[in-house]
Amino acid sequence: MPAPEQWGGCAAVARERDESLRGTAARADGWVLIEHRGPWGREPWGSDGPLGRIGVELSRRCKAVGVRPQLVRETHGRRETTDTRRVFLVHSGRRGPWLEQYTIDTVEQVLDLPLEAAAADTPPGLGIGVDQPLYLVCTHGKKDPCCAVFGRPVAAALSRPGGRVWESTHLGGDRFAAGMVALPEGSYYGNLTPANAQAVVDRHDRGQLSLQNYRGRCTDDTAGQIAEHAVRTEYGMTGINDVRPTAATSSDGGKDVVVVTPTGSTHVHVAPSPEAPRRTTCRSEAFATPDHGIASIRPIPAADRA
């Protein structure tokens, strides 16, 4: 595997273009993390994937309720396969994110867990509550080689005892490798390196976002993520829960978002700003048109607030 500085894949191109990170977090209401120490393959949830028919059914159930399944493993853990494994159910909703840990003795038992509960505000209370953030670093090289080239050094740099940092299958946004998501609230980060990743994790542990690497929160749509990032940047608000976008409405060819902050509400208009079409992953030959929007911010007078 080549060193990151010698690599010319999609992530290297995005960095050369200085592409914005804002508004690029994948959408999910919750997560199911399944420990799998062996190979993941390119499509882990297909019938030929490492979990076989169990993975197919798991993916179907998760997709039906807006929950994202991930295979995870510890960077320096044992790589042999075993039936006994940890499973985490995670809810990322802004009303009350939560995280529970389970242990299963056979892979079939994962389907007996309350997987759909990860989409709900209230934890099932059947597992062990986890009160510290977990960090997933995408190292899924079979999906996109940039995730291995950039992700594995970051995962190794962050690796520590206690099961808080995990390598993960595809998280979305390969061109922003190394990519990481902080759970339970689902804050996405990108363009991480072994030199900056520890500072990002340390700040997040203290309840603060690193805006230069922040992509958005998985619970918000693209317009909401762009509006949140714009308000945070404009007013220097870095607390994880300082800024909350509300549902976007269509207006003048764009989206209007009311963003709630500790000092009041702000109106943000997000207008389209498409970039030149290009390949945005190493594996796909199809072209995509990145659009990180242009945000116009206007404070809402106190008299006009609901």
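## Nonpolar cores

The largest nonpolar core holds 25 residues. Leu-158, Met-180, Tyr-189 and Leu-192 have the most contacts inside this core. Helix H1 (10–16), strand S6, helix H3 (145–158), strand S8 (180–183) and helix H4 (197–205) each give two or more residues to the core. H3 gives the most, with six residues. The model is a predicted one.

A second core is separate and has 20 residues. Trp-40, Leu-58, Val-87 and Trp-98 are among them. In soluble globular proteins, nonpolar side chains tend to be buried together.

## Contacts of Met-180

What does Met-180 touch, leaving aside its neighbours within four places in sequence? Tyr-135, Leu-136 and Val-137 are in contact with Met-180. So are Leu-158 and Leu-171. Ser-187, Tyr-188, Tyr-189 and Leu-192 also contact Met-180. Val-200 and Val-201 complete the list.

## Strand S7 and its partners

Strand S7 covers residues 165–168. Both of its faces are covered. Val-165 and Glu-167 are buried on one side. Trp-166 and Ser-168 are buried on the other.

S7 pairs with two strands described here, S6 and S2. S6 (residues 134–138) runs parallel to S7, and four bridges join them. Leu-136 stands opposite Trp-166 in S7. Leu-136 is also one of the contacts of Met-180. S2 pairs with S7 in the antiparallel sense, over two bridges. Here Val-72 stands opposite Ser-168.

## Largest pocket

The largest pocket contains about 290 Å³ of space. Its lining has 18 residues. Closest to the centre are Trp-45, Ser-59, Arg-68, Pro-69 and Gln-70.

Helix H2 (52–64) and strand S2 (67–73) are the elements that give two or more residues to the lining. Which element supplies the largest share of this lining? S2 does, with four residues. S2 is also the antiparallel partner of S7. By class, the lining divides into six nonpolar, six polar and six charged residues.

## Second largest pocket

The second largest pocket has a volume of about 250 Å³. It is lined by 14 residues. Arg-94, Thr-219, Asp-220, Pro-245 and Thr-246 lie nearest its centre.

How does this lining divide by class? Seven residues are charged, four are polar and three are nonpolar.

Key:
Residues are numbered from 1 along each chain as its sequence is written. This is a predicted model: local features need pLDDT of at least 70, side-chain atom pairs count only at pLDDT 80 or more; totals for chains, interfaces and linings use all residues. Side-chain values use heavy atoms; hydrogens and water are left out. On a 1 Å grid over the protein atoms alone, a cavity is a set of points where a 1.4 Å probe fits but cannot get out, and a pocket is an open set with protein on both sides within 12 Å along at least five of seven lines; lining residues have an atom within 4 Å of a point. Grid points are joined across faces, edges and corners, and a volume is the space filled by probe spheres set on the points. Ala, Val, Leu, Ile, Met, Phe, Trp, Tyr, Cys and Pro count as nonpolar, Asp, Glu, Lys and Arg as charged, and the others, Gly among them, as polar. Buried means under 20% relative accessible area, exposed over 50%, partly exposed in between (1.4 Å probe, protein chains only). Two strands pair if DSSP finds at least two bridges between them. A nonpolar core is a set of buried Ala, Val, Leu, Ile, Met, Phe, Trp, Tyr and Cys residues joined through side-chain atoms within 4.5 Å. Contact means heavy atoms within 4.5 Å.
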